[in-house]
Amino acid sequence: MTRMVWMAGLLALGLGGTLAAGTAGAQTDPVAQRRDEMKRLGAHLEAIKKIVDAGEPVGPIEARAEEMRGYFATLPTLFPPGSTEGSKALPAVWSDRAGFEQAAANATAAAAKLAAAAGSNDAAATATAFREVAGSCGACHRNFRGR
Ligand code: HEC
């Protein structure tokens with residue numbers, strides 16, 4: 001009986017994996033994918049702001065900041081040339097590629113700083129790094145996102 005349950009668990013895991021892979025495979029539209037990711041960034045930022053504003057322990061921010069860092073590090077790859085259909089990305093994303101990659105690198109560095117500050121439970125450093133991350137969103141949007 002235990003063995004059956006165990007097998008069922010494995011099957012469920014296997015199926016979950018297949019489903020997840022299927023969704024990822026279907027998500028070949030980089031515009032949809034990056035917009036989804038951006039929304040998740042927005043949700044992370046909001047959740048982090050709440051913790052910082054409330055003066056709550058900052059430890060839980062680390063995982064969110066780490067996920068943001070990982071996203072920023074690969075962000076430019078979600079903007080392949082020609083991926084403009086239904087997108088608000090400005091032509092500068094491709095014409096000023098170096099500037100765009102620099103903006104992503106700045107955001108990556110800011111998120112890493114935030115993760116480190118939160119990881120060491122340093123509330124003051126976390127608040128400073130949080131403002132830097134938020135600023136890095138705006139800095140990129142100003143130059144590379146239309147309205
Ligand atoms: C390196 C540049 C860059 C950085 C950094 C960046 N973004 Fe963006 N963001 C963009 C671009 C370009 C678009 C437009 C994407 C499109 O429409 O194809 C966008 C779109 C968005 C959108 C709109 C998504 C939608 O539904 O269309 C949100 C929300 C967003 N970003 C939030 C954030 C937040 C929050 C951060 C920081 C934590 C951030 N972004 C950092 C470049 C950036």
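In this predicted model, helix H2 packs against helix H3: Arg34, Glu37, Met38, Arg40, Leu41, Ala43, His44, Leu45, Ala47, Ile48, Ile51 and Val52 in H2 meet Ile61, Arg64, Glu67, Met68, Tyr71 and Phe72 in H3. One of these H2 residues, Met38, is also a protein donor of the iron atom of the ligand, together with His141. The chain contains six helices and zero strands, and the points below treat the fold, the helix pairs, the iron site and several individual residues.

**Overall fold**

- Read along the sequence, the chain follows the pattern α-α-α-α-α-α.
- The chain has 147 residues, of which 29% are buried.
- Of the contacts between residues at least 6 apart in sequence, 70% join residues that are at least 24 apart.

**Helix H2 against helix H3**

- The axes of H2 and H3 come within 10 Å and cross at roughly 150°.
- Angles over 145 degrees count as roughly antiparallel, and H2 and H3 are therefore roughly antiparallel to each other.
- H2 passes H3 in a left-handed crossing.
- The H2 side of this contact includes the charged-residue positions Arg34, Glu37 and Arg40, and the H3 side includes Arg64 and Glu67.

**Helix H2 against helix H6**

- The axes of H2 and H6 come within 11 Å, and their crossing angle is roughly 150°.
- H2 and H6 are therefore roughly antiparallel to each other, and their crossing is left-handed.
- From H2, the residues Met38, Leu45, Ile48, Lys49 and Val52 take part in the contact.
- From H6, their partners are Thr126, Ala127, Phe130, Val133, Ala134, Cys137 and His141.
- Met38, Leu45, Ile48 and Val52 are among the H2 residues that meet H6, and these four are also among those that meet H3.

**Helix H3 against helix H5**

- Helix H3 (residues 61–74) and helix H5 (residues 97–119) have axes that come within 8 Å and cross at roughly 160°.
- H3 and H5 are therefore roughly antiparallel to each other, and H3 passes H5 in a left-handed crossing.
- H3 contributes Ile61, Glu62, Ala65, Glu66, Met68, Arg69, Phe72 and Ala73 to the contact.
- H5 contributes Ala104, Ala107, Thr108, Ala111, Ala112, Leu114, Ala115, Ala118 and Gly119.
- Ile61, Met68 and Phe72 of H3 are among the residues that meet H5, and they are likewise among those that meet H2.

**Iron site**

- The protein donors of the iron atom of the ligand are the SD atom of Met38 and the NE2 atom of His141, which lie 2.1 to 2.4 Å from the iron.
- Met38 lies in helix H2 (residues 30–54) and His141 in helix H6 (residues 123–144), so the pair ties together parts of the chain that are 103 residues apart in sequence.
- The site has six donor atoms with angles of 83 to 180° among them, and its geometry is octahedral.
- For six octahedral donors, the ideal angles at a metal are 90 or 180 degrees.
- Both protein donors count as partly exposed: Met38 has a relative accessibility of 30%, and His141 has one of 26%.
- Met38 of H2 and His141 of H6 also appear among the residues through which these two helices meet.

**Thr126, a buried residue of H6**

- Thr126 is placed in helix H6 and, at 0% relative accessibility, counts as buried.
- Beyond its neighbours within four places in sequence, Thr126 is in contact with Val52, Val58, Ile61, Leu114, Ala117 and Ala118.
- Among these partners, Val52 belongs to H2 and Ile61 to H3, while Leu114 and Ala118 belong to H5.

**Asn121, in the loop between H5 and H6**

- Asn121 lies in the loop between H5 and H6.
- With a relative accessible area of 54%, Asn121 is exposed.
- The phi of Asn121 is near 55°, a positive value in a residue other than glycine.
- Most residues other than glycine have a negative phi.

**Other positions, with C-alpha distances**

- Gln102 lies in helix H5 and counts as partly exposed at 46% relative accessibility.
- Gln102 and Cys140 are 38 residues apart in sequence, and their C-alpha atoms are 9.2 Å apart in space.
- Thr74 lies in helix H3 and counts as partly exposed at 40% relative accessibility.
- Thr74 and Glu101 are 27 residues apart in sequence, with a C-alpha to C-alpha distance of 9.7 Å.

Notes
Residues are numbered from 1 along each chain as its sequence is written. This is a predicted model: local features need pLDDT of at least 70, side-chain atom pairs count only at pLDDT 80 or more; totals for chains, interfaces and linings use all residues. Side-chain values use heavy atoms; hydrogens and water are left out. Donors are N, O and S atoms within 2.8 Å of the metal (3.2 Å for Na, K and Ca); water is not among the atoms, so sites may look incomplete. Four donors count as tetrahedral if all angles lie between 85 and 135 degrees; four count as square planar and six as octahedral if opposite donors are over 155 degrees apart and all others between 65 and 115; anything else is irregular. Buried means under 20% relative accessible area, exposed over 50%, partly exposed in between (1.4 Å probe, protein chains only). Axes are lines fitted to C-alpha atoms, for helices over the stretch in contact, and angles run from 0 to 180 degrees between N-to-C directions. Angles under 35 degrees count as roughly parallel, over 145 as roughly antiparallel, 65 to 115 as roughly perpendicular and the rest as oblique. A crossing is left-handed if the near helix is turned anticlockwise from the far one by less than a right angle, and right-handed if clockwise. Contact means heavy atoms within 4.5 Å.
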